[in-house]
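Me: Hi! I have a structure open and would like to talk it through with you. Could you take a look?

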Amino acid sequence: MRDQFSVIFVFLIIALGGCSIAALQSKRTIGSTVAVFTAAITPPIIGNLIIVRAGTSLPATIGYYIYFLGMDLMIWTMLKFVMEYCNYKWKKSVLRCILEIFLAADIFQYGFDIFFHQAFTTEPIQVDGYSYYRLVPRFGQTFHRAVVYGILFVILIMLLIKTLHSSRIYSERYSVIFGTLVLAALWQTFYIFSRTPVDRSMIGFGVFGLLIFYFALYYRPMRLLDRMLANIASEMPEALFFFDSGDKCIWANTPAQVLTDVTEETFDKAAERLNSKFGECTGKPDNWFSGIVIGEDDDAEYYVIENHHITDDKGKFAGSFLTVRDNTTEQRKLKREMYNATHDRLTGLYTKEYLYQRINELLHDEPEVKRYILSLNVRNFKVVNDIFSTEFGDKVLVFLAERIRAELSDNSLFGRLGGDIFGACVPADEFDIERFERKLSKFRVADINIDYNILIHVGLCEITDIDTDIAVLFDRAHLAIQTIKDDYHKHIAVYDDKMRQKVLWDQQISTQLADALKDGQMRPYLQAIVDTNGKIVGAEALARWIHPTEGFLSPDRFIPVLEKNSMIVELDRFMWKSACEILSRWQKEGWDLFLSVNISPKDFYFMDVAAEIKELVDKYGVDPTHLRIEITETIMMTDVESKMKTLGELRNAGFIVEMDDFGSGYSSLNLLKDMPVDVLKIDMKFLSRTEDVLRAHTIVRNIINLSDDLGISALTEGVETENQYHILSEMGCRMFQGFYFSKPVPVSEFEALCRSGITPE
Ligand code: C2E
Ligand code: CA
Ligand code: CA
C-alpha cells in the first residue's frame with residue numbers, strides 16, 4: 001500500500017513538474033502563474049511522500065513540516081492564480097493582504113512548533129506491517145486548517161461568482177474549476193476527519209493542479225463554439241454549401257436549399273443544380289471566386305461565388321465549402337446610381353461630364369479613326385420657353401434630342417452639354433455635313449395657336465490631336481457657331497485655325513486698349529469734308545491704333561471687337577475728348593471748322609451721352625455747333641424714346657446730329673421724318689455694289705430731294721471720283737467726304753492740307 005501511494009505521489013510530482021515547465025513556455029499571460037501554482041502543489045506531495053516512506057519519527061515530522069508549509073505555499077499560489085484567472089485585481093486587493101497575514105502567522109507558528117509542539121505530534125502505528133507516523137493534531141493545527149479552509153472558501157466564492165455572472169460559453173471554464181476544487185476540498189476534509197492511516201488528500205489537489213493546467217492554457221469550449229458556428233452558418237444570408245472530399249454536398253444552409261431547391265434528403269443534387277444554374281462552379285481550387293451575371297439589362301441577376309478548401313491537421317484536403325451571394329439588389333442600385341449620374345434627367349442623353357469622359361476613352365481606344373466634335377445650339381430657345389411654356393420647351397428639347405440622335409450614326413456619342421446645347425462626337429466618314437445641314441433646317445414646333453421655326457446652329461471641329469482637352473474641342477466648336485450666329489440660312493460652321501487666331505487677337509486687343517489710350521498709341525485721324533466749291537468745311541475724326549508690335553491698325557481690326565465687349569465706350573470717350581482739344585486749338589487760331597465724332601450704340605447703354613458731351617465742350621470751351629454727332633440707324637432699334645430724348649437734348653444745346661451710313665442698313669424713309677437729325681450721311685459704298693448705275697443715281701437723287709423737303713441737309717460719303725462729285729453736286733448735295741478729296745490723315749497733315757490749298761480763309 002505505501003508503495004502504491006509512493007508511485008502515485010511520484011507520478012503526480014513528475015506530472016506537475018512537467019506541467020509547470022510547459023506552462024512557463026506558454027505564450028499566454030497566465031502561463032507563469034499556472035507554472036508557479038502547479039509547481040507549488042509539489043511540496044505538499046513531496047511531504048506526503050516522505051511521510052509515507054519514513055521509518056522513524058524524525059523524517060516523518062520533517063515530512064509533516066514540508067506538507068503543511070507546502071500547503072500554505074500552495075494555497076497562496078492558488079489564490080493568486082484564481083484571482084488572475086477570474087480577472088480580480090491581485091495587486092490592490094485588501095482581502096489578499098489580510099489572507100496573507102494569516103498565512104504568515106501560520107508559517108510562523110510552525111517555527112514555534114519545533115520547540116513547543118503546539119501544532120502537532122506524531123504517533124507510530126502499524127500499517128500493512130510497516131510503521132507509519134500518524135498525525136496527532138493540536139490547537140496550532142486547528143489554526144492551520146482554519147487558515148487553509150478560510151482561503152479555500154474565499155477562492156470558491158470567487159469562482160462561484162464568476163460562474164454565475166459570465167456568459168454561457170465562458171461560465172464553463174469557471175464552473176469546471178469550481179467543481180474540481182470542491183471535490184478536492186471534500187476529499188481533503190474526508191481524510192482529515194476519517195483519520196485513515198495515509199493522508200490521500202493531496203491526490204485531489206494534484207489532480208486539481210493538472211486540470212488547472214489544462215483549463216487555463218488549452219481548454220476552449222469547443223462544443224459551444226461548434227454550435228454557434230453552425231447557427232451563424234444557417235442564418236447567413238448567403239447560400240452556403242459544404243462538400244466532402246469527393247465533392248458531394250453534405251450540408252446546405254436554408255438560403256442554399258432555397259437557391260438549389262434541395263432538402264436534407266436531396267443534398268446530393270445540389271452540386272448538379274449549382275453547375276447548371278451558374279456554370280461549372282463546384283470542385284474548384286481553393287479561394288476560387290467568380291462573378292456571374294444571369295439575364296440581361298434590367299432583368300439581369302448578379303451573383304458572386306466563392307470556393308474554399310478545408311484541410312485536416314496534416315494539411316490534407318478534407319472537403320470544401322462554397323458560398324453564393326446574390327448581389328442583384330446592390331448591383332441594380334449601383335447601376336441606377338451610375339445611370340443617374342451620367343445621364344441627363346430630361347432627355348436621357350449623356351451628361352456633359354460623362355460625354356467628355358466617353359469621348360476621351362473612345363479617342364484613345366481608336367486613335368486611327370478621324371472624328372468630328374459637334375456642338376449643336378438651339379438658337380433663341382428662350383423664345384420657345386417664353387411664347388409657349390417651360391414644359392413645352394422641355395418637350396421640344398426631348399423631341400430635338402431624338403431627331404438629332406436619329407441623324408447620327410451608331411458609332412457616334414451624343415449628349416446634352418446643358419440648357420439648349422447638345423454635343424456629339426461623330427466618325428468623319430459616317431457624317432455627311434450637307435445632309436445634316438439640310439435635315440436641321442426643317443425643325444418646326446407648333447401647338448394649337450402658334451407655329452414656330454426652330455433654328456439649330458452647329459459648330460464642327462475636326463479632332464487633329466486626341467490629347468487635346470475635350471472641353472477645348474467643344475470650345476472651338478462653339479466658337480465656330482459664333483461666326484454664323486446671326487445667319488438664318490447657314491446651319492453649320494466649321495472651325496478653322498483662323499477662328500482661334502481671331503479669338504486670341506480679340507483678347508489681345510481688349511487687354512491692351514487701356515494702355516493704348518494712355519500711351520498715345522490710339523490717335524484721331526481726320527478725313528476732310530468739303531462743300532460744293534471743294535473747300536474744307538470740317539472733318540470726321542476716325543480712330544487709328546499705332547500698335548507697338550502690329551503697326552498701323554485700321555478700325556475694322558479693333559472696332560468690332562470693342563463693340564462686342566462694350567469697350568468701345570472707352571475709345572469713344574477718348575475720341576470725343578481728342579476732338580474737343582483739336583477744336584479748342586482751332587478756335588484759338590480762328591479756324592471755323594467742325595469735327596464729326598462717331599457714337600456707338602453701346603455708348604447709350606453705358607453712359608449719359610448728352611451729359612458727357614456737354615460737359616466736354618464746356619470744359620474745352622468749344623462751340624457746340626463745331627462738334628457734330630454721328631449716329632447710326634441701329635441705335636433706333638431699341639429704346640427709341642430715351643434716345644430721341646438724348647438727341648433732342650443735344651440739338652437743343654446746339655450740336656448738329658448726323659445720321660451716318662444712311663442707305664446701308666435697314667434704312668427706312670418712314671423713320672426719317674420723326675428723327676431728330678440735321679444731316680443725312682449717304683453711304684456711296686452701297687451704291688457701288690449695284691450694277692444698274694442709273695437706278696442707283698435715281699435712289700440717291702430721291703433721298704437728297706426728300707431730305708431737302710424735310711429740311712435735312714445731305715452729305716455724301718465715299719466719294720472716290722471727280723465724276724461722282726459732279727453728279728452729286730448736280731443732284732443738290734451740298735457736302736462731300738471721300739478719298740477723292742482726302743483719305744483720313746493725322747491731325748498735323750490735315751492742318752497742313754487746310755493751309756496749303758483748299759483751306760478756308
Ligand atoms: P464710318 O463712320 O462710316 O467712317 C467712314 C469710313 O469710310 C472710314 O473708314 C473711311 O476711311 C472710309 N472712307 C472714307 N472715304 C472713302 C472712300 O472714298 N472710299 C472708301 N472705300 N472708303 C472711304 P475707317 O476709318 O476704316 O472706319 C471704319 C468705321 O469704323 C467707321 O465707319 C466707323 O463706323 C468706325 N469708327 C472709326 N473710328 C471710330 C470711332 O472713333 N468710334 C466709333 N464708334 N466708330 C469708329
Ligand atoms: Ca462715321
Ligand atoms: Ca459712314
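Me: Let's start with one residue. Is Ala-184 buried or exposed?

Reply: Happy to help! This is a predicted model, so please read everything below in that light. Ala-184 is buried, and its relative accessible area is 3%.

Me: Where in the chain's architecture does Ala-184 sit?

Reply: Ala-184 is part of helix α6, which covers residues 168-194.

Me: And what does Ala-184 touch, leaving out residues up to four places away in sequence?

Reply: With those set aside, Ala-184 touches Gly-204 and Phe-205. As for Leu-210, it is 26 residues from Ala-184 in sequence, and the two C-alpha atoms are 12 Å apart in space.

Me: OK, zooming out. How many helices and strands are there in the chain?

Reply: The chain has 27 helices and 24 strands. Its radius of gyration is 56 Å, well over the 27 Å that the globule rule gives for 761 residues, so the chain is more spread out than a compact globule.

Me: What box do the C-alpha atoms fill?

Reply: Along the principal axes, the box is roughly 175 × 70 × 45 Å.

Me: What percentage of the residues is buried?

Reply: Buried residues account for 46% of the 761 in the chain. The area that the chain exposes is about 39500 Å², with carbon and sulfur atoms supplying 56% of it.

Me: What about contacts between residues at least 6 apart in sequence: what share joins residues at least 24 apart?

Reply: That share is 62% of those contacts.

Me: And the charges, how many positive and negative ones are there?

Reply: The chain has 80 positive and 103 negative charges, and their mean positions lie 10 Å apart.

Me: Now the part I'm really curious about, the metals. Which residues coordinate the calcium ion (ligand 2)?

Reply: For the calcium ion (ligand 2), the coordinating residues are Glu-540 (OE), Asn-598 (OD1), Glu-630 (OE) and Asp-660 (OD), at 2.1 to 2.3 Å. Along the chain, these donors follow the spacing E-x57-N-x31-E-x29-D. Glu-630 belongs to strand β19 (residues 627-632) and Asp-660 to strand β20 (residues 656-662), so this pair ties together parts that are 30 residues apart in sequence.

Me: Are Glu-630 and Asp-660 buried or exposed?

Reply: Glu-630 counts as buried at 1% relative accessibility. Asp-660 is buried as well, with a relative accessible area of 6%.

Me: What are the protein donors of the calcium ion (ligand 3)?

Reply: The calcium ion (ligand 3) has Asp-660 (OD), Asp-661 (OD) and Glu-717 (OE) as donors, with Glu-717 (OE) listed twice, and they lie 2.1 to 2.8 Å from the ion. Their spacing along the chain is D-D-x55-E. Here the linked parts are Asp-660 in strand β20 and Glu-717 in strand β22 (residues 713-717), 57 residues apart. Glu-717 is buried, just as Asp-660 is.

Me: I noticed Asp-660 in both lists. How far apart are the calcium ion (ligand 2) and the calcium ion (ligand 3)?

Reply: Those two ions are 3.9 Å apart, and Asp-660 coordinates both.

Me: And Asp-661, where does that one lie?

Reply: Asp-661 lies in strand β20. Asp-661 is partly exposed, with a relative accessible area of 24%. Its phi is near 50°, a positive value in a residue other than glycine.

Me: Why point out the sign of phi?

Reply: Because most residues other than glycine have a negative phi. Asn-287 is also a residue other than glycine with a positive phi, near 60°. Asn-287 is in the loop between α10 (270-278) and β5 (288-294), and at 48% relative accessibility it counts as partly exposed.

Me: Switching again: is Thr-77 buried or exposed?

Reply: Thr-77 counts as buried, at 3% relative accessibility. Thr-77 is found in helix α3 (residues 57-85). Leaving aside neighbours within four places in sequence, its contacts are Val-36, Phe-37 and Ala-40.

Me: Last one. What does Gln-512 touch, not counting residues up to four places away in sequence?

Reply: Gln-512 touches Trp-545 and His-547 on that count. The C-alpha atoms of Gln-512 and His-547 are separated by 9.6 Å, with their positions 35 residues apart along the chain. Gln-512 lies in helix α17 (residues 497-518) and counts as partly exposed at 27% relative accessibility.

Key
Residues numbered from 1 in each chain as written. Chains lettered and ligands numbered in written order. Predicted model: local features only at pLDDT ≥ 70, side-chain atom pairs only at ≥ 80, totals over all residues. Heavy atoms only, no water. Helix = DSSP H or I, 4+ residues; strand = E, 2+ residues; numbered from the N terminus. Rg over C-alpha atoms; globule rule 2.2 N^0.38 Å. Buried < 20%, exposed > 50% of the residue type's maximum accessible area, 1.4 Å probe, protein only. Contact = heavy atoms within 4.5 Å. Areas by Shrake-Rupley, 256 points an atom, 1.4 Å probe, with all protein chains shown as cover. Lys, Arg positive; Asp, Glu negative; His and termini not counted. Charge placed at Lys NZ, Arg CZ, Asp CG, Glu CD. Donors = N, O, S within 2.8 Å, 3.2 Å for Na, K, Ca; no water.
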